[in-house]
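Grab a coffee and open the viewer: here is a set of short exercises with worked solutions. Try each task yourself before you read on.

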Amino acid sequence: MSKIAFVFPGQGSQVVGMGKELADSSEVVHAIFTRADKALDEELSSLIFNGPQDTLTLTVNAQPSLLTTSIAILEKFNEAGITPHYVAGHSLGEYTALVASGALSFEDAVRTVRKRGEFMEEAVPAGQGTMAAILGMGSEDLQAVTDEISAAGHPVQLANINCPGQIVISGAAEGVRQACELAKEKGAKRAIPLEVSGPFHSSLMEPAAEKLRSVLDQIEINDAAVPVVANVNAMEMTSADQIKENLVKQLYSPVLWENSVQYMLEQGVDTFIEIGPGKVLSGLIKKVNRRVATYAISDLETLESTIRALKEGN
């Protein structure tokens, strides 16, 4: 039997105006943006719809904005009656997946990811940590590179294992710089510095993780009604206790996206629906397995065409 997974994008996919067309035409979508404004006691929706882009891209704004937009689009898509067998999200997107699964309330999630963004920005002073994408090198070879640089006193580690031949590293600015050079010496095709505000998913985020735990202790986390494939171990999680522990670890652990996709494929998933702005995850999934069906829903046109394609396929 065909199985479906809903996947949700992470930071980097934000764009001014995302979700606006659907919010203007659908009361159920508009209501989600209104709920986000009330939860944060600020006009988040105005920033999402009108920008400016550089303010929207700040970690503290991008995280609640992406979660809100993805859930708003999901609410509209849910009217079609299409349900997933699994959900997953890339980094920040994991919180969206947890809302979709019923493990977190929307309001708690919006407030939590706002705090998560604050903690991530506070953990390492600006300029002291960074990230880079390494293309054309396997994870074992790149792990050897980062281990060598870290052993010399400049912490750096694998942060996002996205798909074959694309891995993001993260750590101290000097560690990332040296790892980029050494990776290229050892055969990597390219090393691309990323425009990020900190060394996310590295050990330097551990102070932020402890602060995040105190926030998670104060909110209600339910068992997930739909299995959520976790970033930290690429295994499904449903119990509330497991979810909380994995969210804390996620801040300083690699995002095992390629492994997560592989796990869902092994469980029989053959259709992935990306819900939220952009189609980054659809591209990564295709690089893991070209034969699967992928759809990316970000506006009315892509929502309607995806529903048509899925209905026709049944």
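**Exercise 1. A strand residue and its contacts**

Leaving aside its neighbours within four places in sequence, which residues is threonine 271 in contact with?

Solution. Before you start, keep in mind that this is a predicted model.
- Step 1: find the residue. Threonine 271 sits in strand β9.
- Step 2: list the contacts. Threonine 271 is in contact with Ser2, Lys3, Ile4, Ala5, Ala293, Tyr295 and Leu310, once neighbours within four places in sequence are left aside.
- Step 3: check the burial. The relative accessibility of threonine 271 is 9%, and the cut-off for buried is under 20%, so threonine 271 counts as buried.

**Exercise 2. A glycine in a loop**

Work out where glycine 276 is placed and what it touches.

Solution.
- Step 1: place it. Glycine 276 is in the loop between β9 (269–275) and α13 (280–288).
- Step 2: look at the surface. Glycine 276 has a relative accessible area of 0%, so it is buried.
- Step 3: collect the contacts. Neighbours within four places in sequence aside, glycine 276 is in contact with Pro9, Ser70, Ile73, Ile297 and Ser298.
- Step 4: compare sequence with space. Glycine 19 is 257 residues from glycine 276 in sequence, yet their C-alpha atoms are 8.3 Å apart.

**Exercise 3. Getting to know helix α2**

Describe α2: its span, its ends and its packing.

Solution.
- Step 1: check the span. With 14 residues, α2 reaches 20 Å from its first C-alpha to its last, close to the 20 Å expected at 1.5 Å a residue.
- Step 2: look at the N-terminal end. Serine 26 caps α2 there, with a side-chain oxygen 3.4 Å from the backbone nitrogen of valine 28.
- Step 3: go to the other end. Aspartate 41 follows α2 and has a positive phi, near 55°.
- Step 4: pick out the buried residues. They are Val29, Ile32, Phe33, Ala36, Asp37, Ala39 and Leu40.
- Step 5: see what these pack against. Their partners are α1 (20–25), α3 (44–50), α5 and α7 (106–123).

For one of those partners, try the span check again. Helix α5 (residues 59–78) has 20 residues, which should span 28 Å at 1.5 Å a residue, and its end C-alpha atoms are indeed 28 Å apart. α5 is mostly covered, with 17 of its 20 residues buried.

**Exercise 4. A buried charge**

How far from aspartate 37 is the nearest side chain of opposite charge?

Solution.
- Step 1: place the residue. Aspartate 37 is in helix α2 (residues 27–40).
- Step 2: find the candidate. The nearest side chain of opposite charge is arginine 114, 9.0 Å away.
- Step 3: conclude. A salt bridge needs the atoms within 4 Å, and aspartate 37, though buried, has none.
- Step 4: ask what else is there. A polar atom of the aspartate 37 side chain lies 3.0 Å from the backbone nitrogen of leucine 44.
- Step 5: widen the view. Not counting residues up to four places away in sequence, aspartate 37 touches Glu42, Glu43, Leu44 and Ser45.

**Exercise 5. Salt bridges**

How many salt bridges does a search of the whole structure find, and which parts do some of them link?

Solution.
- Step 1: count. The search finds twelve.
- Step 2: take arginine 35. It forms a salt bridge with glutamate 107, the closest N and O atoms being 2.7 Å apart. This pair links helix α2 to helix α7, 72 residues apart.
- Step 3: take arginine 114. Its side chain meets that of glutamate 42 in a salt bridge (3.0 Å, N to O). Glutamate 42 lies in the loop between α2 and α3 and arginine 114 in helix α7, so this pair ties together parts 72 residues apart in sequence.
- Step 4: compare the exposure of those two partners. Glutamate 42 is partly exposed at 31%, whereas arginine 114 counts as buried at 11%.
- Step 5: try a pair within one helix. Glutamate 210 and arginine 213 form a salt bridge (3.8 Å, N to O); both lie in helix α10 (residues 206–216), three residues apart, about one turn of the helix.
- Step 6: look for a network. Glu174, Arg177 and Glu181 are linked in one.

**Exercise 6. Cysteines**

Why is cysteine 180 not bonded to cysteine 163?

Solution.
- Step 1: count the disulfides. The structure holds zero.
- Step 2: check the distance. The closest cysteine sulfur to that of cysteine 180 is in cysteine 163, 17 Å away, which is too far for a bond.
- Step 3: check the burial. Cysteine 163 is buried, with a relative accessible area of 2%, and cysteine 180 is buried too, at 10%.

Methods. Residues numbered from 1 in each chain as written. Predicted model: local features only at pLDDT ≥ 70, side-chain atom pairs only at ≥ 80, totals over all residues. Heavy atoms only, no water. Helix = DSSP H or I, 4+ residues; strand = E, 2+ residues; numbered from the N terminus. Buried < 20%, exposed > 50% of the residue type's maximum accessible area, 1.4 Å probe, protein only. Lys, Arg positive; Asp, Glu negative; His and termini not counted. Polar contact = N/O pair within 3.5 Å; in protein donor to acceptor, adjacent residues only side chain to side chain. Contact = heavy atoms within 4.5 Å. Expected span 1.5 Å × (residues − 1). Disulfide = S-S within 2.5 Å.
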